[in-house]
Amino acid sequence: ATPPFTHAPIVLESVAAGKHVVCEKPFARDVGEARAMRDAAEAAGVVHLLGTEFRYGTAQALLARTVAAGEIGTPRLAMFQLQLPLLADPKAELPAWWEDAGQGGGWLGAYGSHVVDQIRSTLGDFEAVSASLQTLAPRPAMTADDTYTIQFRLATGVEGVLHSSCAVGGQLLGVSKITGTAGSIWLEGDHVWVDDGTGPRQVPVPDDLVSAPPDPPPAELL
């Protein structure tokens, strides 16, 4: 749970000592560093996990389960969009590493990694992508991205778009929606909705996916 530019040396030292590792995201600064960490962990024979905890959140887990159950038929189209005004204010506080692309900073790693995991665990692996990164925040020293736009195709044939920015002013915008051959499914906050042509209906939450609310962090840390 340290800044991303420290992940590789800590993970490599840990797996060399035979320790199991859960590493937070952003996992690494680039694909070469990531592969070196993965290969070392596999060669050491230790358990190695990436911290993508939102996969197990109630709404995301229920959406994935409902898609897998065939409620919308064969998935064909997906859209994941989020716009937040977090960095639209130049006075917004950030850790120094978060602004630095060379240290693993940026919005794609901070938030996009969760969406990539959601897509892979719900719909399948990526086959092709076309992507761009931008920096829109009024922060002259910032080299990391705060905005990404990705068009993708999965090995399963699903096509879709990921777009998010944490530096766009105005209202919050959020869309997570998948359309298949028999209907569409989407998130509204913590709730999952489906429309199979008979009208929208909320998907009930089964007991095994109910999560107790977490204890809030101490007020002095906020």
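The following conversation goes through a predicted model and asks what its structural terms rest on.

Reader: What makes His114 a buried residue, and where is its place?

Author: The place of His114 is in helix 4. Its relative accessible area is 6%, and a residue is called buried when that value is under 20%, so His114 is buried.

Reader: Which residues does His114 touch, leaving out those up to four places away in sequence?

Author: His114 touches Lys25, Gly51, Thr52, Glu53 and Phe54; a contact of this kind stands for heavy atoms within 4.5 Å.

Reader: What makes the eight strands a sheet, and in which order do they stand?

Author: The order is 4-5-6-3-7-8-9-10, in an open sheet with mixed pairing. Two strands pair if there are at least two bridges between them, and strand 3 (residues 75–83) is joined to strand 6 (residues 159–165) by seven bridges, so these two count as paired. Strand 3 is also joined to strand 7, by eight bridges.

Reader: How do you know that the pairing is mixed?

Author: The pairing of the sheet is described as mixed, and both senses can be found by following its strands. Strand 3 and strand 6 run parallel, whereas strand 3 and strand 7 run antiparallel. Strand 5 and strand 6 are antiparallel too, with seven bridges joining them, and strand 7 pairs with strand 8 in the antiparallel sense over four bridges.

Reader: Which residues stand opposite each other in these pairs?

Author: Between strand 3 and strand 6, Gln83 stands opposite Ser165, and Phe80 has Leu162 as its bridge partner. Pro75 has its bridge partner in strand 7, namely Gly180. Ile178 is matched with Ile185 in strand 8, while Thr149 stands opposite His163 in strand 6.

Reader: Why are strand 4 and strand 10 said to stand at the edges?

Author: Strand 4 (126–134) and strand 10 (200–202) each have a single partner strand, so one side of each is left without a neighbour in the sheet. As for the angle between neighbouring strands of this sheet, they are turned by 15° against each other on average, direction ignored.

Reader: What joins strand 7 to strand 8, and what is found in the hairpin of strand 5 and strand 6?

Author: A hairpin through two residues joins strand 7 to strand 8. The hairpin of strand 5 and strand 6 has four residues between the strands, and there Gly157 takes a positive phi near 95°.

Reader: Which strands do helix 3 and helix 4 touch?

Author: Helix 3 (residues 58–68) lies across strand 3, strand 7 (173–180), strand 8 (183–188) and strand 9 (191–195), and it runs at about 175° to strand 8. Helix 4 (residues 107–122) packs on the sheet and touches strand 3, strand 4, strand 5 (147–154), strand 6, strand 7 and strand 8, with a direction that makes about 20° with that of strand 5.

Reader: What makes helix 3 mostly covered?

Author: Nine of the 11 residues of helix 3 are buried, among them Ala59, Leu62, Leu63 and Val67. These buried residues pack against strand 3, helix 4, strand 7, strand 8 and strand 9. Strand 6 is likewise described as mostly covered, with five of its seven residues buried.

Reader: How do you know that the span of helix 2 is close to what is expected?

Author: Helix 2 (residues 31–44) has 14 residues and reaches 20 Å from its first C-alpha to its last, and the span expected at 1.5 Å a residue is 20 Å.

Reader: Why are the buried residues of helix 2 said to line one face?

Author: Glu33, Ala34, Met37 and Ala41 are buried in helix 2. Seen down the helix axis, the buried residues fall within an arc of 105°, so they line one face of helix 2. They pack against helix 1 (7–16), strand 1 (21–24) and strand 2 (48–51), whereas on the other side Val31 and Ala43 are exposed.

Reader: What is found at the start of helix 2, and what follows the helix?

Author: At the start, a side-chain oxygen of Asp30 reaches to within 3.1 Å of the backbone nitrogen of Gly32. After helix 2 comes Gly45, with a positive phi near 70°.

Methods. Residues numbered from 1 in each chain as written. Predicted model: local features only at pLDDT ≥ 70, side-chain atom pairs only at ≥ 80, totals over all residues. Heavy atoms only, no water. Axes fitted to C-alpha atoms, helices over the stretch in contact; angles between N-to-C directions. Buried < 20%, exposed > 50% of the residue type's maximum accessible area, 1.4 Å probe, protein only. Expected span 1.5 Å × (residues − 1). Arc of directions from axis to C-beta. Polar contact = N/O pair within 3.5 Å; in protein donor to acceptor, adjacent residues only side chain to side chain.
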